[in-house]
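Colleague: I have the model open and a handful of things to ask. Can we go through them one at a time?

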Amino acid sequence: MADRAALEELVRLQGEHVRGLKQQKASAEQIEEEVAKLLKLKAQLGPDDTKHKFVLKTPKGTRDYSPRQMAVREKVFDVIIRCFKRHGAEVIDTPVFELKDFDIAGQFDPMIPDAECLKIMCEILSSLQIGDFLVKVNDRRILDGMFAVCGVPDAKFRTICSSVDKLDKVPWEEVKNEMVGEKGLAPEVADRIGDYVQQHGGVSLVEQLLQDPKLSQNKQAVEGLTDLKLLFEYLTLFGINDKISFDLSLARGLDYYTGVIYEAVLLQTPAQAGEEPLGVGSVAAGGRYDGLVGMFDPKGRKVPCVGLSIGVERIFSIVEQRLEALEEKVRTTETQVLVASAQKKLLEERLKLVSELWDAGIKAELLYKKNPKLLNQLQYCEEAGIPLVAIIGEQELKDGVIKLRSVASREEVDVRREDLVEEIRRRTAQAPCAC
């Protein structure tokens, strides 16, 4: 490699020398002599096998998706997008944004957006049918108030918060050891934290903590608990309170959360009756971050914000695994009808008909062979999950009809050509989604 590098450098220098001679308008003999030297050096260098070869690699952190996988992804995204739109969501693209002057104070109840975010989260997870789930809620103000009354120094709030956030993965004793051994928290302070963060329940727990001798004396904690009590009232009205658990161990490590925080986890059915369900991982999360947008505003105005994120990649993997376990067939196309022929030499008629269907907005396709066997065409429909076959034959052409076949029932009916589009639409009409 070193010899080659040296030769490449000589070739580069000789090339510059030749170009210099040409610019100086040196004699033709001198230029010819130096060009000969350059060609000799290039000959010694030989071809570089590493050049002109394209090595295709999937970029780190990405993956390729097969047609089957893309079909699953599109269905997942479709459920999510339709759910958001049902709640009045608008689609935006924000490479840059301009913050406009407005005053929103006192115009709405801040708990309503939080409740709706939780409602959206529950609707999406129910619609995806990926299993039982539980949404854990807490409030950063409750956490900060709890740390304060337990005796955590202000400078250690965030680092202790990150330890608490691990309680969904490791037992309390390990978390306590980290707080005390690695982060220098007094053991008695850690014990007081442990008394709180191992509690979870519903609105009754919120009411209990509002009467707690210590928390009830902390302004931040009382504000958080009062808002959480109101939130549970709205969740009851939305019919999802049975899916929500107030969990004092939920911390969400991101510093920009300012109020309610939430996280959805899938539940694994317990092996033994009476055991608590086991979480198998977070699939959605969110919360309130009233201070985040103001960080980008020169005037530092407070803009109330709530948001949620869906763990699409995790959900996609879960759905894919479930389909594989159940050996369910996944359609990779949305084709409504295959245009087929019953005899030979009907390619032009198939092309004409499929074009008519395309122009009418029907999702149609045909096999590219000139004279495919009818059996092969029907088998293709079964394999691809295409529900209908429009069959052209010599008799059908004479009668001005198309034979429409249901792939599932194998029933065939003659449909007048001018009525074919409406008949296909009628048969393939999608029922409204219940998501």
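Colleague: Which residue in S3 is the bridge partner of Val137?

Modeller: Bear in mind that this is a predicted model. Strand S1 covers residues 133-139, and 3 bridges join S1 to strand S3, residues 244-247, with the two running parallel. For Val137, the partner in S3 is Phe246.

Colleague: How many of the residues of S1 are buried?

Modeller: Strand S1 is mostly covered. Buried here means under 20% relative accessible area. By that cut-off, the count for S1 is 6 of its 7 residues.

Colleague: Which residues have the most contacts inside the largest nonpolar core, and which helix gives the most to it?

Modeller: That core has 78 residues, and the ones with the most contacts inside it are Val135, Phe147, Ile193 and Phe246. The biggest giver, with 10 residues, is helix H4 (residues 111-128).

Colleague: And how many residues are in the other core, the one that lies apart?

Modeller: Val339, Ala364, Leu404 and Val421 are among its members. It lies apart from the core that H4 feeds with 10 residues. Its total is 17 residues.

Colleague: Is Asp144 buried or exposed?

Modeller: Asp144 sits in helix H5, residues 140-150. Leaving out residues up to four places away in sequence, Asp144 touches Phe157, Arg158 and Gln220. Its relative accessible area is 10%, and the cut-off is under 20%, so Asp144 is buried.

Colleague: What about cavities: how are the residues lining the largest cavity divided between nonpolar, polar and charged?

Modeller: The count comes to 1 cavity of 30 Å³ or more, and the largest cavity holds about 40 Å³ of space. Its lining is made up of Lys136, Val164, Asp165, Asp168, Ser249, Leu250, Ala251 and Glu263. Sorted by type, that gives 3 nonpolar, 1 polar and 4 charged.

Colleague: Over to the open sheet of 5 strands. Which are the edge strands?

Modeller: The strands are ordered S8-S7-S9-S10-S11, and the pairing is mixed. An edge strand here pairs on one side only. That description fits strand S8 (364-365) and strand S11 (412-416).

Colleague: Which residue in S11 stands opposite Val401?

Modeller: Strand S10 takes in residues 401-406, and S10 and S11 pair in the antiparallel sense over 5 bridges. Opposite Val401 in S11 stands Arg416.

Colleague: Where does Arg410 lie, and is this residue buried or exposed?

Modeller: Arg410 lies in the loop between S10 and S11. Its phi is near 65°, a positive value in a residue other than glycine. Relative accessibility is 53%, and the cut-off is over 50%, so Arg410 counts as exposed.

Colleague: Gln129 is not glycine either. What is its phi?

Modeller: Gln129 lies in the loop between H4 and S1. At 60% relative accessibility, Gln129 counts as exposed. Its phi is positive, near 55°.

Colleague: Next, Gln377. Why does Gln377 count as buried?

Modeller: Gln377 is placed in helix H13, residues 374-384. Not counting residues up to four places away in sequence, Gln377 touches Leu338, Val339, Ala340, Ser341, Arg350, Leu367 and Pro372. Gln377 counts as buried because its relative accessibility is 0%.

Colleague: What separates the C-alpha atoms of Gln377 and Leu367?

Modeller: Leu367 is one of the residues that Gln377 touches. The two are 10 residues apart along the chain. Their C-alpha atoms are separated by 7.2 Å.

Colleague: Which residues is Lys369 in contact with, leaving aside neighbours within four places in sequence?

Modeller: Lys369 is in the loop between S8 and H13, and is exposed, with a relative accessible area of 58%. The C-alpha atoms of Lys369 and Leu347 are separated by 8.4 Å, with their places 22 residues apart along the chain. The contacts of Lys369 are Leu347 and Arg350.

Colleague: Last one, for the chain as a whole: what percentage of its residues count as buried?

Modeller: The chain has 15 helices and 11 strands. Among contacts between residues at least 6 apart in sequence, 65% join residues at least 24 apart. Of its 435 residues, the buried share is 40%.

Technical notes: Residues numbered from 1 in each chain as written. Predicted model: local features only at pLDDT ≥ 70, side-chain atom pairs only at ≥ 80, totals over all residues. Heavy atoms only, no water. 1 Å grid on protein atoms, 1.4 Å probe; cavity = no way out; pocket = protein on both sides within 12 Å on 5 of 7 lines; lining within 4 Å. Points joined across faces, edges and corners; volume = space filled by probe spheres on them. Nonpolar A, V, L, I, M, F, W, Y, C, P; charged D, E, K, R; others polar. Buried < 20%, exposed > 50% of the residue type's maximum accessible area, 1.4 Å probe, protein only. Helix = DSSP H or I, 4+ residues; strand = E, 2+ residues; numbered from the N terminus. Pairing = 2+ DSSP bridges. Core = buried A, V, L, I, M, F, W, Y, C linked by side-chain atoms within 4.5 Å. Contact = heavy atoms within 4.5 Å.
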